[in-house]
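These are my notebook entries on a protein–DNA model. I record below what I looked up, in the order in which I looked.

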There are 2 protein chains.
Amino acid sequence: MSPTTETLTAERILEATEEVLRRHGPAKATVVDVARALGVSHGSVYRHFRTKAALREAVTQRWLDRASGRLAGIAARDSDPETRLRDWLSALFEAKRHKAGDDPELFATFSVLTGENSQVVDQHIADLLGQLTEILRDGVARGVFALDPAVTARAVFDATGRFHDPFYAREWGRPGIQAEFDAVVDLLLRGLRATGGPSKTS
Amino acid sequence: MSPTTETLTAERILEATEEVLRRHGPAKATVVDVARALGVSHGSVYRHFRTKAALREAVTQRWLDRASGRLAGIAARDSDPETRLRDWLSALFEAKRHKAGDDPELFATFSVLTGENSQVVDQHIADLLGQLTEILRDGVARGVFALDPAVTARAVFDATGRFHDPFYAREWGRPGIQAEFDAVVDLLLRGLRATGGPSKTS
DNA sequence: CAGCTGACAGATATTGAAAACTGTCAGCTG
DNA sequence: CAGCTGACAGTTTTCAATATCTGTCAGCTG
């Protein structure tokens, strides 16, 4: 049961791969490096993952699934839909901004990997859109939101791209960014509300 | 007055540079190429532009100013602000999409150049934000829009980034893109309106 | 003598040979 | 005999030599 004798599992390989990616970056992380980190020959790694691309894809999926899981907790809350939507979008932005600011190299690695695996990323986005749609559907059911949930979920996701697409990571450190995020979310929430608000007619 | 005898002006150099960029792409477009296209020595080009970077910057600015000018025409129209805003955003999207689809290589060249000249691009964006702000200010004056024009202009620009940021160009050819654009713009316009009322009254 | 040329030094890009990596598989090992 | 090893063929990456380019400037030319 000592670590070096432990059986070689897909899980252990994924952990070692993450470590190698963290250390060497995406360009220099080789299958040979991963095997060396595990104390096995690189042939053994190919027993669990058919190609290097498949291995990188699996690592990407793990990362994205972890992120998705945290947000799912917010989407499933019972608070009023408007607050929930705001919290969900804030959590998405905050998580990305935090990761990008904390360890830029690791975030760059992550960005390269997601760029390579559009299939997996598409699935992740579909997952997030599903969560958004749930919040909006609930809002429509409670009468606080108007508009078609699925279509509008996409619109909200697209409109907030600047605050979650890794491409914009370099701008997340700028001073005014939080105000810009708030302005966009405020505008979107105004558009989502079923009534014209407290102005005059109710 | 024959072309080869014509005096060498900054303007002629810029035209030749655009042509060389079109032909060779941004990576292989050298000052020597530009000089050869004009039938002069490369030393002469340096008489008008202190560095290669300055030359590329000038080309970029010309491109962006042309684009900006076309939109200014729409921003200055006298139609109702809601229609004008919609037209302006559509024109911005349409112009970019058209260029990206028409001649992808030239568009890629343009993208590389804008990536190099953040100074010039920032000025261009400030220009576009000014136009947007004007439309919104007019809308507020006429009582059809609420919210602070400058802050909201930024929010509208950010929220539509997916439809004008060159980074997303590869997605502009996808089938559903127009519907997604419409959904975002509809949502934003709902949020902008001063009252919750229907859009039938003029 | 205003404007252009072309040789030049230092910086950048290209090239091709050598090294490393990916993916396979026959055979070893516990 | 299930799982691992390491040599191997084909491909990609690295690295250093070579070529090209950038930016300058003394001197040529009309």
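Which elements of chain A and chain B each supply at least two residues of the surface near DNA strand C? I found α2 (31–38), α3 and α4 (52–75) of chain A, together with α3 of chain B. Helices here are DSSP runs (H or I, at least four residues) and strands likewise (E, at least two), numbered from the N terminus.

Conventions. I note that this is a predicted model, in which local features need pLDDT of at least 70 and side-chain atom pairs count only at pLDDT 80 or more, while totals for chains, interfaces and linings use all residues. Residues are numbered from 1 along each chain as its sequence is written, and chains are lettered from A and ligands numbered from 1 in the order in which they are written.

DNA strand C. I listed 18 residues around this strand, of which A:T30, A:V31, A:K52, B:V40 and B:G43 come nearest. A residue is near a strand if its C-beta atom, placed from the backbone, lies within 6 Å of it. By class, I read 6 nonpolar, 8 polar and 4 charged residues on the surface near DNA strand C. Ala, Val, Leu, Ile, Met, Phe, Trp, Tyr, Cys and Pro count as nonpolar, Asp, Glu, Lys and Arg as charged, and the others, Gly among them, as polar.

DNA strand D. I then turned to DNA strand D, which 18 residues surround, with A:V40, A:G43, B:T30, B:V31 and B:K52 the closest. Two or more residues each come from α3 (42–48) of chain A and from α2 (31–38), α3 (42–48) and α4 (52–75) of chain B. The surface near DNA strand D holds 6 nonpolar, 8 polar and 4 charged residues.

Chain A and chain B. I looked up the contact between the chains and found 21 residues from chain A and 19 residues from chain B. Two residues are in contact if their C-beta atoms, placed from the backbone, lie within 7 Å. On the side of chain B that touches chain A, α8 (149–159) and α9 (177–192) of chain B each supply at least two residues, and α9(B) gives the most, with 7 residues. That side of chain B divides into 8 nonpolar, 6 polar and 5 charged residues.

Symmetry. I superposed the copies by least squares on the C-alpha atoms of residues with pLDDT of at least 70 in both. A turn of 180° and a shift of 0.0 Å along the axis lay chain B on chain A with an RMSD of 0.1 Å. The two copies are therefore related as by a two-fold rotation axis. Of the contact residues of chain B, 100% recur in chain A.

Annotation. From the unreviewed UniProt entry I took "DNA-binding region" for residues 30–49 of chain A. Such annotations may be inferred rather than shown by experiment. Over residues 30–49, chain A is 75% helix and 0% strand, with the end C-alpha atoms 13 Å apart.

Confidence. I checked pLDDT, the predictor's confidence in each residue, from 0 to 100. Chain A averages 93, and 94% of the residues score at least 70. Over residues 196–202 of chain A, pLDDT stays under 50.
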